[in-house]
Amino acid sequence: MAENGGCCPPMDLFRSEPMHLVQLILPIESAHLAVAYLGDLGLIQFKDLNSDKSPFQRTYASQIKRCGEMARKLRFFRDQMLKAGLTPATRSALEDDLEVDSLEVKLGELEAELIELNANSNKLQRGYSELVEFKLVLQKAGEFFQSALSNAEAHQREIGSTQTGEESLETPLLEEQTADQSKQVKLGFISGLVPKAKSMSFERILFRATRGNVYLKQAVVEHPVTDPVSGEKVEKNVFAVFFSGEKAKNKILKICEAFGANRYSFSEDISKQAHMITEVSGRIAELKTTIDIGSLQRDKLLETIGEDYERWNILVRREKSIYHTLNMLSIDVTKKCLVAEGWSPIFAMKQIQDALQRATLDSNSQVGGIFRVLHTKESPPTYFKTNKFTSSFQEIVDAYGIAKYQEANPGVYTVVTFPFLFAVMFGDWGHGICLLLGTLYFLVMEKKFSSKKLGDIMEMAFGGRYVILMMSLFSIYTGLIYNEFFSIPFELFSPSAYGCRDPTCGDSTTMGLIKVRDTYPFGVDPAWHGSRSELPYLNSLKMKMSILLGVAQMNLGIILSFFNAKFFRSAVNIWCQFIPQIIFLNSLFGYLSVLIIVKWCTGSKADLYHVMIYMFLGPTDDLGENQLFSGQKTTQLVLLLLAFVSVPWMLLPKPFILKAQHNNRHSGQSYIPLQDTDESLQSETAHDSHAHAEFEFSEIFVHQLIHTIEFVLGAVSNTASYLRLWALSLAHSELSTVFYEKVLLLAWGYNNIFILIIGVIVFVSATVGVLLVMETLSAFLHALRLHWVEFQNKFYEGDGYKFYPFSFTLVSEEEE
């Protein structure tokens, strides 16, 4: 930035940095390195010179595809590390010996190895889960057979002990049965596990499908088991279905498949079942050992990847952003160099040239890069150099609209006016201290929170920590002026100036008080609080103060419009916009502000409502007791006349002057000057239509008419809008009083510790929830509206676009 002569230091935030359009001609062999160095510098915003081409038609599409594939592999590694409970190590510096080609090969090898380990692990895990389920089936279903055998033997012994061979009626039937073994029906069974949630439906469907010709036995598994198919823990039941016939078997198999039941077959012989359980237990132990070894090997591989993950990720993101930028460059017809265009601050010229020279040396290129400044009619982007303190205030302004190139920036004044207007509505030094303590916590933990992922609300509060810091400091200041600490007044600076006239004035009303000392030195005298006149007095004070603050801030906005007009050398805006606006506003509301100050200084009982109303309705009437100074009626007539004159002054001259200027510029231009050779490749097509647009007088006149009506009506409505400062301050004070008197003092009056504890909890909850959260948000939004609408619309156009330089830091933030 050019040095500013004179006594005053330059205000970097008042106007955006001077920018220029530059052209870079880069040899192919050094282009990649040059763009990388410019990305480290972060002070040039490249223009897309290939906007007519699709992403697949651009020169470096294949390299971007390669980087995208490497990014996919890195995302795969990150997901695997998160599943394993590992965190990638953070490394700040890049190693110089790491190349993209070798990284691509390495990532491919690591991915193949990890996929193979995962496949083997999944296969072993599935086998392990199947064996665990098989063991459960052997144990639970084996109990079915053991129980059935025990019941059959007991039943047989009972029959044998109660019946004789010849005397039994059933003897012939039994003999016939044993005689014809071929006629016996052989029962089959299917066993397995079914999800517990589906067991009732499973049983019902089996019964309906086989018409009740099956016998189902189920046993609950105590602990969830890992399903071999899904790999998730599921609560299951062991089942055994006994059936007769092939047809029933086929139906049961289909039902098992539909319900996701895993089937396991085993022998009916109990001795063989015991042998199988022993064998399966041995295989489970072997598989468990193998799985543990594989898991250790996989974790070791992931730890190795995690050590270099951040470094690889940064490199891949850098490479991808470099190739994206190179795709915005135009290739010269000789195919030997790339042409780039972009915006950069003027102060960065030397740094960019140094970066190009360094790229030429490091790439061993025989030809250096060429840096040229281009002439263009295109409006440059807006760039403010901010720090972590001013950036949050600048974002408040940018949320309304990005400043036009080098117009006056309201962010300079917002640093002070925004927290001050907030504090006028929030004034309580107790609540201000609470906000300050919360902000100090953010400031102490700043480094930790900056590198941490916070929630949405926490992220927003942390981002605006310096705004909240200023809001809390100003709230303490205005709270001391209002003399309110959680609505309690204190005699901080001296005793109250008022005392009792006699012993009968103990009701704390001003009717019984007289002034016995000097005036209270700072803020509101504590004697006013709790008095009969408290509300009328504070209402009058805060309402008049709101008007004074509003008129002052609106005047500041109009004065900034003068500095804008002066900077852009627009005499018509000074004479036909600034002067009539400042006259109109101050003829009415500036005069009202003067009357307020005069009334405060003189102690007059004049009715200002009556003065302002009859200034319009009866300007020649006698003021009577409402006269505050000599010559007031003449002054009001002059001011009223100036206000009426300023309206047509704003409306009529400007359109006609602009029409005359347009005619003078285009009269007698039969020849067109030759174009400068240093023109941008895009400037002619992008801005030719604007350069030769016809002057529409009717459109300009209607625009000026709307602007005039908006200002005249806005002068009234905007001044009234500042009364929200009074309204919210009153609401905050009254809410604080209600919580203190109706909750805390009421609980204290019961002389009961239990009720007192409840009262303190309710008081703290109400104070935090309502006054420190909801009221803070409410006052913040109202202060935001006063800045955006009442202040900024006086001078701020906000139709610019932000400077987004190519920077690796910004690329990393966007990726995250």
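Biologist: Which element gives the largest share of the lining of the second largest pocket?

Modeller: In this predicted model, the second largest pocket holds about 1100 Å³ of space and is lined by 35 residues. The elements giving two or more residues to this lining are α15 (534-567), α16, α19 (653-666) and α21 (697-721). The largest share, 10 residues, comes from α21.

Biologist: How many residues of each class, nonpolar, polar and charged, does the lining of the second largest pocket have?

Modeller: Lying nearest the centre of this pocket are N573, Q577, K654, H703 and E797. By class, the lining as a whole has 10 nonpolar, 14 polar and 11 charged residues.

Biologist: Which helix gives the largest share of the largest nonpolar core?

Modeller: The largest nonpolar core has 63 residues, and F418, F422, F589, L595, M615, Y722 and L725 have the most contacts inside it. The largest share of this core, 11 residues, comes from helix α16 (residues 571-602).

Biologist: Which residues does L595 touch, not counting those up to four places away in sequence?

Modeller: L595 is one of the residues with the most contacts inside the largest nonpolar core. Leaving out residues up to four places away in sequence, L595 touches L608, V611, M612, L628, F629 and Q632.

Biologist: How far apart do the end C-alpha atoms of residues 545-563 lie?

Modeller: The unreviewed UniProt entry places the feature "transmembrane region" at several spans, including residues 420-444 and 545-563. Residues 420-444 are 92% helix and 0% strand, with end C-alpha atoms 24 Å apart. Residues 545-563 are 100% helix and 0% strand, and their end C-alpha atoms lie apart by 27 Å.

Technical notes:
Residues numbered from 1 in each chain as written. Predicted model: local features only at pLDDT ≥ 70, side-chain atom pairs only at ≥ 80, totals over all residues. Heavy atoms only, no water. Core = buried A, V, L, I, M, F, W, Y, C linked by side-chain atoms within 4.5 Å. Buried < 20%, exposed > 50% of the residue type's maximum accessible area, 1.4 Å probe, protein only. Helix = DSSP H or I, 4+ residues; strand = E, 2+ residues; numbered from the N terminus. Contact = heavy atoms within 4.5 Å. 1 Å grid on protein atoms, 1.4 Å probe; cavity = no way out; pocket = protein on both sides within 12 Å on 5 of 7 lines; lining within 4 Å. Points joined across faces, edges and corners; volume = space filled by probe spheres on them. Nonpolar A, V, L, I, M, F, W, Y, C, P; charged D, E, K, R; others polar. UniProt positions renumbered as here; feature names shortened; annotations may be inferred.
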